[in-house]
Amino acid sequence: MAAYQLRERRRFRKNFPLIWKTPGEITHLDLENYEPEGDDFKLDKKFVDDLLPARDAARTKANRIIFVNMMIFAFLLTDYFSIGLKFSIPGVSVTDPKGVRDFLIFFVSITGIYCLVIQNNIYTIESAMKFSILNNFPTELRDIYIAKYFYFENFPPPSPVQLPNISYSRLYSNYFLVASVTSLILLFLYFSFYTALYITIAIDVWKSARLGIWSYIIAAASITNGTLSMSYLILTRMRMPYRDYTVFHELQGLPEIAPSQLERRRKEVHGEGVADYLNLVERGYIKSNSVSNG
C-alpha cells in the first residue's frame, strides 16, 4: 500500500505538474485570457495611463519610507561604531541614541514590512502595465514606452526594430553582459552587507539591554520582522511553484468541444491509476466494496 501511494503521488505530479512562475508572470498569463466586454476596460494606452497616477503615488510614499529608514539606519550605524551623529528626520530631532536606539531599529523593521507591501502593489500594477505595452503597443514603440513609464528600472538600451541591417557588435554585447552581471553581483553584496549590519545592530541591542527585558523583546522582534520581510520579498518577487490543473479543465471541456476524444483522453490520464487500483483490489489489499462507482 505504501508503494501504491508513492505511485499515486507520481501519477498526480505527472498529470498536474508544478510550474515555476513569478507573480508578474502569473499576472501576464491571467491577462492573456482577459477579454474586455466594453471600450472602458481595454488593455490599451488609456489603461496604462489610468494606472500611472496610482503607481506614482504609491512609489512616492514608498520612497519616503525608504529615505527615512536609511537616515535612521545611518544613525544606528554611527551609534554602533561610536562615531556620534546628530540629524533630524521629518518632525523629529534625533540627538541622543541612548534610550531611543532600541525603538528606532524596531521602527525600521515595521516600516520596512509596510514599504514592501506598498512595493508589492506597485509590482502588480506595473506587471499589468508592462503586459499592455508588450502586447498591445506598436512593436516599434514598445522600448520607448517602457523607458517612459519605467525609467527608474529600464537598464538595457533600446534595440532597433526598423533597422534590420544594424545590430549590436560582439564587443558591445559582451561589455554590456559583463556590466549587467557585475551590477547584479554588487547589488547582492550590498544587500548582504546591509543585512549583516542590521543583524549586528539587533544583536548589540540585545547585549546592551539598555531597556532591560524590553531590549530583548525589541531585538527579537526586529530580527523576526526582518525575516518576515525577506520571506515576503521572496514570495512576491521570486519564482514560486504553482500547481497546473490544465488536464483537469481539459477533461471538463472535452464533452462540449470534442466528445469523441473524451474517453481516450480519460484513459491516458486516469487509466494507469484505475488499473493499479483494481489490481490491488484483486490481490486483496483493498476491499472490493470500497471501490467507488466512479
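## How α2 meets α4

Helix α2, which covers residues 23–32, packs against α4 at an angle of about 45°, and the axes of the two helices are 9 Å apart. This description belongs to a predicted model, and the same holds for everything that follows. Because angles under 35 degrees count as roughly parallel and an angle of about 45° falls outside that range as well as outside the roughly perpendicular one, α2 and α4 are oblique to each other. Their crossing is right-handed.

Which residues make this contact? On the side of α2 they are P23, G24, T27, H28, L31 and E32, while α4 contributes Y123, S127, A128, K130 and F131.

## How α3 meets α4

Two packed helices are described by the angle between their axes and by the distance between those axes. For α3 and α4 the angle is about 155° and the axes are 8 Å apart. Since an angle over 145 degrees counts as roughly antiparallel, α3 and α4 are placed in that class. The crossing of α3 with α4 is left-handed, whereas that of α2 with α4 is right-handed.

## The nonpolar cores

In soluble globular proteins, nonpolar side chains tend to be buried together. In this model the largest nonpolar core has 16 residues, and those with the most contacts inside it are I72, F73, L76, I105 and I201. At least two residues of this core come from each of the helices α3 (45–80), α4 (101–136), α6 (170–208) and α7 (213–237). Which helix supplies the largest share? That helix is α3, with six residues.

Apart from this core lies another one, made of 14 residues, including L31, V48, F137 and I146. L31 is also one of the α2 residues in the contact with α4.

## K45, a residue of α3

K45 has its place in helix α3. Is K45 buried, exposed or partly exposed? Its relative accessibility is 33%, and because partly exposed residues lie between the limits of 20% and 50%, K45 belongs to that group.

The side chain of K45 is joined to that of D49 by a polar contact of 2.8 Å. When residues up to four places away in sequence are not counted, K45 touches F137, Y145 and Y149, and F137 is among the residues of the 14-residue core. K45 and M238 are 193 residues apart along the chain, and their C-alpha atoms are separated by 28 Å.

## T111 and N225, two buried polar residues

T111 lies in helix α4 and has a relative accessible area of 13%, which means that it is buried, since the limit is under 20%. A polar atom of the T111 side chain lies 2.8 Å from the backbone oxygen of F107, and a polar atom of this side chain is also found 3.2 Å from the backbone oxygen of V108. If neighbours within four places in sequence are left aside, T111 is in contact with I65 and N69.

N225 is found in helix α7, and its relative accessibility of 11% makes N225 buried as well. With neighbours within four places in sequence again left aside, the contacts of N225 are F106, S109, I110 and I113.

## A209, between α6 and α7

Most residues other than glycine have a negative phi. A209 is not a glycine, yet its phi is positive, at about 50°. Where does A209 sit? Its place is in the loop between α6 and α7.

Methods:
Residues numbered from 1 in each chain as written. Predicted model: local features only at pLDDT ≥ 70, side-chain atom pairs only at ≥ 80, totals over all residues. Heavy atoms only, no water. Core = buried A, V, L, I, M, F, W, Y, C linked by side-chain atoms within 4.5 Å. Buried < 20%, exposed > 50% of the residue type's maximum accessible area, 1.4 Å probe, protein only. Helix = DSSP H or I, 4+ residues; strand = E, 2+ residues; numbered from the N terminus. Contact = heavy atoms within 4.5 Å. Polar contact = N/O pair within 3.5 Å; in protein donor to acceptor, adjacent residues only side chain to side chain. Axes fitted to C-alpha atoms, helices over the stretch in contact; angles between N-to-C directions. Parallel < 35°, antiparallel > 145°, perpendicular 65-115°, else oblique. Left-handed = near helix turned anticlockwise from the far one by under 90°.
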